Every structure is written in C-alpha cells, then in structure tokens.
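Trainee: I am new to this structure. Please take me through its inner spaces, and then through the helices around them.

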Amino acid sequence: MRALFYGIGLQFKFDIRSKGMLITCYLVPLVFFFFMSGIFTSIDPIATETLISSMTVFTITMSALMGLPPALAEIYGTDIKKVYKANGAPIWFGIVTQFFSTFIHTFIVCMIIFALSPPVFKATLPSNLLWYFLSLIALLAVTLALGCIIGLLFKQQAKLTMIAMIIFLPSTMLSGIMFPSDMLPQFMQYIAYALPATIAFKAMTSFQVWHLPVLLGIFILLCGIIALLLKLKIKR
C-alpha cells in the first residue's frame with residue numbers, strides 16, 4: 001500500500017511537469033471557464049444557477065478524455081510496461097497511479113471553479129452541496145475509467161484523439177451544459193442519456209436519487225472492461 005501511495009505521488013509530480021496534462025487538465029478548462037462563463041451570464045442571467053455544474057462537467061470531460069488516454073497509451077503501448085514487470089510491479093500499477101493522479105489534478109481545477117464562480121460571476125452555489133460533490137466524484141471516476149479504456153485500446157495518437165473527440169463533443173453539446181437539453185430534438189435527448197456527462201449534470205442540478213446508482217453501475221462495468229483489457233495486455 002505504501003508503494004502504491006508513493007507511486008501516485010510520484011505520478012502526480014510527473015504530471016505537473018507534463019505539458020500535455022498541464023494543457024488539458026488546467027489551461028484549457030480554466031480558459032474555457034473564464035471566457036465562457038462571462039458569455040453565458042451576459043446572455044442569460046439564469047445561467048448563474050447552473051454555471052458551477054456546467055463548468056465542472058466540462059472540466060472533468062476535458063481532463064479525463066483528452067488528458068488521460070495519451071498518458072496511458074504511452075505506458076501500455078510502448079516498452080515502458082516492461083519496466084513494471086522488471087521491477088516486480090503488477091501491470092495495473094501504471095493505470096491506477098495515472099487514474100488517481102489525474103483525479104487529483106482535475107479535482108483541484110473543479111475546486112478552483114467552485115471557489116471563483118460566486119465572487120467573479122455571481123454564480124449560485126448548488127442547493128445540495130453533498131449531492132453535488134457526490135455527483136462530481138462519480139462523474140470523475142466514470143469518465144476517467146472511460147479514458148483508461150481509450151488509452152488501453154489505442155496506441156496511435158491520431159486514432160486516440162479521434163475516439164476521444166467522438167465522445168467529448170457529444171458530452172459537451174448534448175449534456176445540457178452549453179444550452180438547455182430541452183431545446184434538443186426528442187431523439188437527441190434520448191441519445192444524450194447514454195452519456196455519463198448528461199446523467200451527472202442532471203444529478204448536480206435536479207438531485208434525483210436514481211442518477212448516482214446509474215453512474216456507479218457504469219463505473220463498475222467500465223472497471224470490468226479495464227480488468228479484461230489488462231489481462232489481454234499480460235498475455236501479449
């Protein structure tokens with residue numbers, strides 16, 4: 001356990017020095033937050049009620065889908081994974097340390113958004129803070145797990161980015177964070193509920209009980225897929 005915590009801390013420090021992680025986990029989400037929050041609140045004053053949740057969903061989706069997969073592809077798509085075997089570390093060590101490192105970095109940015117939104121943009125705090133943070137953690141875990149699967153499946157940067165964008169764009173456009181999902185055609189609203197971002201955003205804003213169990217179920221399913229992919233990596 002001590003080795004695992006040491007590995008997470010070491011990976012956290014590596015990610016701070018990584019330009020790719022710095023851009024996807026910090027720079028782009030924060031620039032989007034300051035730029036788009038001003039636009040949203042100017043066009044529609046009611047946007048202040050869901051601003052924190054909207055920016056949080058975007059940050060998590062951006063970090064997990066655009067930042068995590070390239071880092072994992074670099075580990076499991078190259079000879080770096082042999083270093084783990086040579087040092088007696090289990091093959092899952094890399095994915096766990098990268099998962100929690102990205103989790104911490106993304107959570108930090110979410111807290112920056114949470115702290116700055118009320119004083120800077122007059123955003124309203126979620127009425128149920130406990131439910132909001134549970135939804136945040138659930139979405140972060142699910143989306144990171146999805147990012148892990150992408151990173152394990154694809155080695156080439158071009159394919160990896162393309163697949164990540166195929167999930168990232170609908171997650172931002174259909175989940176309701178850019179504009180009310182009621183404005184979408186009926187069939188697109190149904191499609192949107194296949195995205196964890198949509199379920200989490202609804203959980204953060206409407207506080208319905210069924211959202212969190214669904215996210216938990218998705219996370220367990222994705223963890224099973226990750227375990228299967230790691231077994232395939234061991235056989236190769």
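Mentor: Start with the enclosed space. This is a predicted model, and it holds one cavity of 30 Å³ or more. The volume of the largest cavity is about 60 Å³.

Now look at the walls. Thr61, Leu65, Leu139, Thr143, Leu146, Ile167, Ser171, Pro196 and Ala197 line the largest cavity. By class, six of the lining residues are nonpolar, three are polar and none is charged. Four helices each give at least two residues to this lining: H3, H6 (129–153), H7 (157–173) and H9. H6 supplies the largest share, three residues.

Next, take two of those helices, H6 and H9. Their axes come within 9 Å and cross at roughly 170°. H6 is therefore roughly antiparallel to H9. On the H6 side, the contact is made by Trp131, Tyr132, Ser135, Leu136, Leu139 and Val142. On the H9 side, Pro196, Ala197, Ala200, Ala203 and Met204 take part. Sorted by class, this contact has 10 nonpolar residues, one polar and no charged. Some names return here. Leu139, Pro196 and Ala197 belong to this contact, and Leu139, Pro196 and Ala197 also line the largest cavity.

Turn to H3, another helix in the cavity wall. Follow H3 to H2 first. The axes of H2 and H3 come within 9 Å, with a crossing at roughly 155°. Angles over 145 degrees count as roughly antiparallel, so H2 is roughly antiparallel to H3. Their crossing is right-handed. H2 brings Met21, Thr24, Cys25, Val28, Pro29, Phe32, Phe33, Ser37, Phe40 and Thr41 to the contact. H3 answers with Leu51, Met55, Phe58, Thr59, Met62, Ser63, Met66, Gly67 and Leu68. The classes in this contact are 13 nonpolar, six polar and no charged residues.

H3 also meets H5, which spans residues 93–121. The axes of H3 and H5 come within 9 Å and cross at roughly 155°. H3 and H5 are therefore roughly antiparallel to each other. The crossing of H3 and H5 is right-handed. Their contact has 17 nonpolar residues, eight polar and no charged.

Last, move to an open space, the second largest pocket. About 420 Å³ of space lies in it. The lining has 21 residues, and the closest to the pocket centre are Thr50, Gly176, Phe179, Pro180 and Phe201. Three helices give two or more residues each to this lining: H2 (19–43), H3 (51–76) and H9 (196–206). H9 provides the largest share, four residues. By class, the pocket lining divides into 10 nonpolar, seven polar and four charged residues.

Put the two spaces side by side. The lining of the largest cavity has no charged residues, whereas the lining of the second largest pocket has four. H3 and H9 each supply at least two residues to the cavity lining. H3 and H9 also give two or more residues to the lining of the second largest pocket. Keep those two helices in view as you turn the model.

Notes:
Residues numbered from 1 in each chain as written. Predicted model: local features only at pLDDT ≥ 70, side-chain atom pairs only at ≥ 80, totals over all residues. Heavy atoms only, no water. 1 Å grid on protein atoms, 1.4 Å probe; cavity = no way out; pocket = protein on both sides within 12 Å on 5 of 7 lines; lining within 4 Å. Points joined across faces, edges and corners; volume = space filled by probe spheres on them. Nonpolar A, V, L, I, M, F, W, Y, C, P; charged D, E, K, R; others polar. Axes fitted to C-alpha atoms, helices over the stretch in contact; angles between N-to-C directions. Parallel < 35°, antiparallel > 145°, perpendicular 65-115°, else oblique. Left-handed = near helix turned anticlockwise from the far one by under 90°. Contact = heavy atoms within 4.5 Å.
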